[in-house]
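The following exercises concern helix packing, buried side chains and unusual backbone geometry. Each task is followed by a solution in steps.

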Amino acid sequence: MEREAPAPCGAATRRHLLQRAALLAALMAAWPGRARARALRADEQVLFVPAIARWLDAQRVEVDIHAWVYERERRRGVQALFARYLGLDRATLPAEDRARFDARCALFLTDSERAKVVDLVFDAPLQSQPHALPPTDAAGRSQARIVLDARALPPDARTVGFRAQLTEGDARQFLGHALLVPEDGLSVVSDIDDTVKITQVNDRREMLLNTFVRPFQAAPGLSAHFRRLAKAEGTRFHYLSASPFQLAPALEDFLQTEAFPAGSLHLRESTRWNTLIPGSGDSRAHKLGVIERLLADFPRRRFLLVGDSGEADPEIYAQVARQHPTRIAAIVIRDVQAEGRAAARFVQNFAGLPEGLWHLLPPEGEPWPQI
């Protein structure tokens, strides 16, 4: 929610605030990378979103870290306020649905913590001295790419694990992991909403209920199809969505519960309630940015792009295929409205691309196209 504007202040107060701001800027500019000032307090949490790690050569891996430091909102009634903002009445929900709503909205009811330095320790066999992440920004976020000596990693390693190193006596655990992606193979980039999970994004109320209130429902057949793809050596999965960053734990639990192959998770930054539902331009920019970065990070891999016809996935994937014609193995679109291959939208968007490059998957999920 938007906060009220501060009251006007006098010249002396303004000078004082400017002096404080200048001092803070100077301190931040001089902040050493290993600074331990502003360590985590007992009421502050760290969330790591599943990201990727890549081989730089035969001896080194680069791990992409995405961390968020926040403090939970504990004031009474804030869940009901958030529900009203969404147009929902929390009080009328059955107890089970209300508990589910409270759990899923919890990370939207937080204060992000700025200028926090998190020390990172990697799991065996990559144990090393702690790595200090950059201080968190105004949104509580810190990102880094850390290069490690990986000669001790087994050849079949698929993940790199790590944890936040806390101060002595702090028994909490904040764990993270990154998907280790080989140089060669197939990367399956899959949308989430209405592709692997039924969301109904084109109906605002149904979308909100399916996101915050109801049990997540898997799209028919996708989990089994993905598990078959995962049997090929070198195949990795990247789950891409314009859903807010705060839904990461719930979405990761869903993917695991429904037996989808493990993968990296690429969600949209959303630091205010009024950006919870993205505009079409925001969603498109986010998805294109993630795909372009994956293509750049893994120049020898081929990509299978999986999405649905409910939003702009056909347009986005067709654009990527035209810009990277040798990199895209196939495009699969879940035809959520059963429009068929002859629909004007598909004909227009895939015009000029090879006929065998793009495929429509029926809403019921069978049969999977021959790729």
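**Exercise 1. Burial along a helix**

Task: Determine which residues of helix H2 (residues 78-86) are buried in this predicted model, and what covers them.

Solution.
- Step 1. The buried residues of H2 are Val78, Phe82, Ala83 and Leu86.
- Step 2. Viewed down the axis of H2, these buried residues occupy an arc of 145°, so they line one face of the helix.
- Step 3. The spacing may be compared with a general rule: an α-helix has 3.6 residues a turn, so residues three or four places apart point the same way.
- Step 4. The cover over the buried residues of H2 includes H3 and H4.
- Step 5. Just after H2, Gly87 adopts a positive phi of about 85°.

**Exercise 2. The packing of H2 with H3**

Task: Describe how the axes of H2 and H3 are arranged, and list the residues through which the two helices meet.

Solution.
- Step 1. Two quantities are needed, since two packed helices are described by the angle between their axes and the distance between the axes.
- Step 2. The axes of H2 and H3 cross at roughly 90° and come within 11 Å.
- Step 3. Angles of 65 to 115 degrees count as roughly perpendicular, and H2 is therefore roughly perpendicular to H3.
- Step 4. From H2, the residues in the contact are Gln79, Phe82, Ala83 and Leu86, and they meet Phe101, Asp102 and Cys105 of H3.
- Step 5. Sorted by class, the contact of H2 with H3 has five nonpolar residues, one polar residue and one charged residue.

**Exercise 3. The packing of H3 with H4**

Task: Carry out the corresponding analysis for helix H3 (residues 95-105) and helix H4 (residues 204-212).

Solution.
- Step 1. The axes of H3 and H4 lie 8 Å apart, and the packing angle is about 85°.
- Step 2. H3 and H4 are therefore roughly perpendicular to each other.
- Step 3. H3 contributes Arg100, Phe101, Arg104 and Cys105 to the contact, while H4 contributes Asn210, Thr211 and Phe212.
- Step 4. By class, three nonpolar, two polar and two charged residues form the contact of H3 with H4.

**Exercise 4. Two serines in strands**

Task: For Ser142 and Ser241, establish the strand in which each is found and whether each is buried or exposed, then identify a polar partner of each side chain.

Solution.
- Step 1. Ser142 is found in strand E7 (residues 141-149). Its relative accessibility is 5%, so Ser142 counts as buried.
- Step 2. A polar atom of the Ser142 side chain lies 2.7 Å from the backbone oxygen of Pro134.
- Step 3. Setting aside neighbours within four places in sequence, Ser142 is in contact with Ile65, His66, Ala67, Leu133, Pro134 and Thr136. Ile65 is 77 residues from Ser142 along the chain, yet their C-alpha atoms are separated by 7.9 Å.
- Step 4. Ser241 belongs to strand E11 (residues 236-244). With a relative accessible area of 0%, Ser241 is buried.
- Step 5. The Ser241 side chain reaches the backbone nitrogen of Ser243 at 2.9 Å.
- Step 6. When residues up to four places away in sequence are not counted, Ser241 touches Asp191, Ile192, Asp193, His266, Leu267, Arg268 and His286.

**Exercise 5. Unusual backbone geometry**

Task: Locate the positive phi values of Ala115 and Gln200, and the cis peptide bonds that lead into Pro125 and Pro367.

Solution.
- Step 1. The reference case is that most residues other than glycine have a negative phi, and most peptide bonds are trans.
- Step 2. Ala115 is not a glycine, although its phi is positive, at about 65°. Ala115 is placed in the loop between strand E4 (110-112) and E5, and its relative accessible area of 5% makes it buried.
- Step 3. Gln200 has a positive phi near 60°. Gln200 lies in the loop between strand E10 (186-191) and H4, and is partly exposed, with a relative accessible area of 35%.
- Step 4. The peptide bond from Ala124 to Pro125 is cis, its omega being near 5°. Pro125 is situated in the loop between strand E5 (119-122) and strand E6 (131-132).
- Step 5. The bond from Glu366 to Pro367 is also cis, with omega near -5°. Pro367 falls in the segment after strand E15 (358-361).

**Exercise 6. The chain as a whole**

Task: State how many helices and strands the protein chain has, and what share of its residues count as buried.

Solution.
- Step 1. The protein chain has nine helices and 15 strands.
- Step 2. Of its 371 residues, 48% count as buried.
- Step 3. Among contacts in the protein chain with a separation of 6 or more, 73% are between residues 24 or more positions apart.

How values were computed:
Residues numbered from 1 in each chain as written. Predicted model: local features only at pLDDT ≥ 70, side-chain atom pairs only at ≥ 80, totals over all residues. Heavy atoms only, no water. Axes fitted to C-alpha atoms, helices over the stretch in contact; angles between N-to-C directions. Helix = DSSP H or I, 4+ residues; strand = E, 2+ residues; numbered from the N terminus. Parallel < 35°, antiparallel > 145°, perpendicular 65-115°, else oblique. Contact = heavy atoms within 4.5 Å. Nonpolar A, V, L, I, M, F, W, Y, C, P; charged D, E, K, R; others polar. Buried < 20%, exposed > 50% of the residue type's maximum accessible area, 1.4 Å probe, protein only. Arc of directions from axis to C-beta. Polar contact = N/O pair within 3.5 Å; in protein donor to acceptor, adjacent residues only side chain to side chain.
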